[in-house]
Each structure stands twice: as C-alpha cells, then as structure tokens.
Amino acid sequence: MRLTIFGATGKTGLHLVEQAVGRGDTVTAVVRDPGRFGLRHAGLTVVRVGDPDRDADEVGKAMDGADAVLSAVGPRGRNVGPVAAPVTRALLRGLDRVPSRRIVVISAAPVGPTPDGDSLLSRAVLRPVISAVLRPVYDDLRAMEEALAASGAAWTSVRPPQLTDGPLRGGYRMTVGGVVPRGYRVSRADLAHAMLACLDRPETIGQPVGVAD
C-alpha cells in the first residue's frame with residue numbers, strides 16, 4: 001500500500017512510519033524539517049512541507065497517487081491555537097490526488113460522548129474536568145471532525161485517551177462509532193497500529209473509532 005503520512009516527526013507519527021514500512025508499505029513522510037527526521041528505509045521518501053495551509057501544491061504532490069493518507073498532526077497545547085482543524089482542511093483540499101479519498105486522523109476520546117459502562121468517577125469528575133481544562137484543544141478536534149464529516153472523504157478519526165510512551169503490545173480495544181468504556185490510556189505505538197489497522201477495516205469509514213488498553 002502507498003501511504004502519505006503527515007506529522008511524521010511527532011511521537012505517534014514516527015511510530016506510524018516505522019510500522020508502515022515494517023509491514024511493507026511504501027511511505028511518503030511529510031515533515032516540516034527533514035533535518036529532524038532520522039529514519040531511513042528503502043520504501044521511505046521524505047518530503048518537506050512547511051505549512052500545509054499555505055503550501056497547497058506541495059501537499060497535493062505529497063499525496064499524489066497514494067492509496068491512503070494518515071495524519072498524526074494534532075493540537076500542541078491549549079494556548080497555541082487551532083492546529084488539527086486547519087491542517088486537516090488543507091489535507092482535504094488536496095485529497096483529490098488520492099483515488100480512494102481515504103484519510104485517517106488522530107482525535108481524542110473526550111471529543112465523543114461518555115460511553116455506556118464508563119465509571120462514575122470518569123463520568124462525574126475526570127471527563128468534565130479534563131474537557132474544561134483542555135477546551136480549546138477539544139474545540140479544535142471537534143472542528144476537525146466536523147470538516148471531515150462534511151467533506152465526502154472516506155475518513156476515520158481515531159479517538160485515544162491519555163497517550164503513553166509504552167511499547168507496541170497490540171492488545172488494545174477498539175470501538176467503531178464510539179469511545180472505549182473504561183479506557184484511560186493507550187501507547188502511541190498501539191495508537192499508530194490501530195490507525196494502520198483501520199485501513200483494512202471498511203466499517204471504520206465515516207466513523208470515529210475509540211482505541212484504548
């Protein structure tokens with residue numbers, strides 16, 4: 001499979017690239033600064049795009065002929081301003097270069113409703129507090145998901161809870177169309193694995209997908 005991966009220098013993005021080339025995919029890794037990207041592989045091409053919102057031609061070229069696009073671009077903090085939504089809109093504008101119009105992005109568990117079976121502590125305390133403190137971050141992600149839903153693309157937004165730097169285990173849970181109940185964390189390596197797994201699961205198209213340990 002030919003994949004274009006945006007945000008490839010981030011912690012999850014690096015896992016995406018490593019796992020994709022490891023399973024035999026041909027990968028175009030899109031980065032702001034190639035000097036920060038140390039991965040090398042026969043099936044890997046590194047492309048610089050400074051600002052996806054301004055460099056529309058470069059975004060389109062990076063996607064040209066891909067079977068799918070994955071984005072590990074996300075908010076950098078509550079005081080930085082929207083990132084995920086503007087970048088995703090830029091990717092959607094270039095998605096005509098991708099015959100399948102397939103795109104998988106990272107969102108977050110609090111963007112979705114509280115799942116049935118979640119704990120009282122999570123429903124009454126954790127989710128309301130986290131949502132209030134990080135409201136600008138989740139507003140950005142909600143705007144991103146709204147843009148995807150309105151685009152006509154074959155999209156999937158993967159909604160993890162707290163991310164860790166743990167190893168790839170593969171024993172995570174996935175919930176198509178919702179959030180994993182009592183799912184409080186997942187490693188970035190497993191998140192990347194889940195994103196790649198969505199490419200082979202047509203039932204995830206047009207759906208949010210919860211992932212958690």
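In the predicted model, R169 is exposed, with a relative accessible area of 56%. Its side chain meets that of D213 in a salt bridge, with an N to O distance of 3.5 Å. This contact links distant parts of the chain: R169 lies in the loop between β7 (162–164) and β8, D213 lies in the segment after β10, and the two are 44 residues apart. D213 is partly exposed, at a relative accessible area of 31%.

R169 also figures in the surroundings of D190, a residue of helix α6. D190 is buried yet has no salt bridge. The nearest side chain of opposite charge to D190 is that of R169, 4.3 Å away; a salt bridge is counted only when the nitrogen is within 4 Å of a carboxyl oxygen, so the separation of 4.3 Å between D190 and R169 does not qualify. Leaving aside residues up to four places away in sequence, D190 touches P167, L168, R169, G170, Y172 and D213. Both partners of the salt bridge between R169 and D213 are therefore among the residues that D190 touches.

Twelve salt bridges are present in the structure. One of them joins the side chains of E145 and R159, at 2.6 Å from N to O. Here too the pair links distant parts of the chain, with E145 in helix α5, R159 in strand β6 and their positions 14 residues apart. E145 and R159 are both buried. A further salt bridge is formed by R201 and E203, whose closest N and O atoms are 2.7 Å apart. R201 counts as partly exposed at 27% relative accessibility, and E203 counts as partly exposed at 42%. In addition, K11, D165 and R188 are joined into one network by salt bridges that share partners.

The strands considered next belong to an open sheet of eight, in the order β3-β2-β1-β4-β5-β6-β10-β8, with mixed pairing. At its edges are β3 (44–48) and β8 (173–176), each of which pairs on one side only. Neighbouring strands of the sheet are turned against each other by 20 degrees on average, direction ignored. Helix α2 (residues 56–63) packs on this sheet and touches β1, β2 (26–31), β3 and β4. The direction of α2 makes about 145 degrees with that of β1. Helix α6 likewise packs on the sheet, where it touches β1, β4, β5, β6 (154–159), β8 and β10 (207–212). Its direction makes about 160 degrees with that of β5.

Strand β4 (residues 68–71) is placed between β1 and β5 in the strand order. Strand β1 (residues 2–6) runs parallel to β4, and four bridges join the two; in this pairing L3 stands opposite A68. On the β5 side (residues 102–106), the pairing with β4 is again in the parallel sense, over three bridges, and V69 stands opposite I103. The side chains of β4 alternate in direction: A68 and L70 point one way, V69 and S71 point the other way, and all four are buried.

Helix α6, which spans residues 188–198, is mostly covered, with nine of its eleven residues buried. These are R188, A189, D190, L191, A192, A194, M195, L196 and C198. The list thus includes D190, the residue without a salt bridge, and R188, a member of the network with K11 and D165.

Helix α5 (residues 135–149) contains Y138. Y138 is buried, with a relative accessible area of 8%. Although Y138 and P110 are 28 residues apart in sequence, their C-alpha atoms are 7.3 Å apart in space. Helix α5 also carries E145, the partner of R159 in strand β6.

Key
Residues are numbered from 1 along each chain as its sequence is written. This is a predicted model: local features need pLDDT of at least 70, side-chain atom pairs count only at pLDDT 80 or more; totals for chains, interfaces and linings use all residues. Side-chain values use heavy atoms; hydrogens and water are left out. Buried means under 20% relative accessible area, exposed over 50%, partly exposed in between (1.4 Å probe, protein chains only). Two strands pair if DSSP finds at least two bridges between them. Axes are lines fitted to C-alpha atoms, for helices over the stretch in contact, and angles run from 0 to 180 degrees between N-to-C directions. Contact means heavy atoms within 4.5 Å. Lys and Arg count as positive and Asp and Glu as negative; His and the chain ends are not counted.
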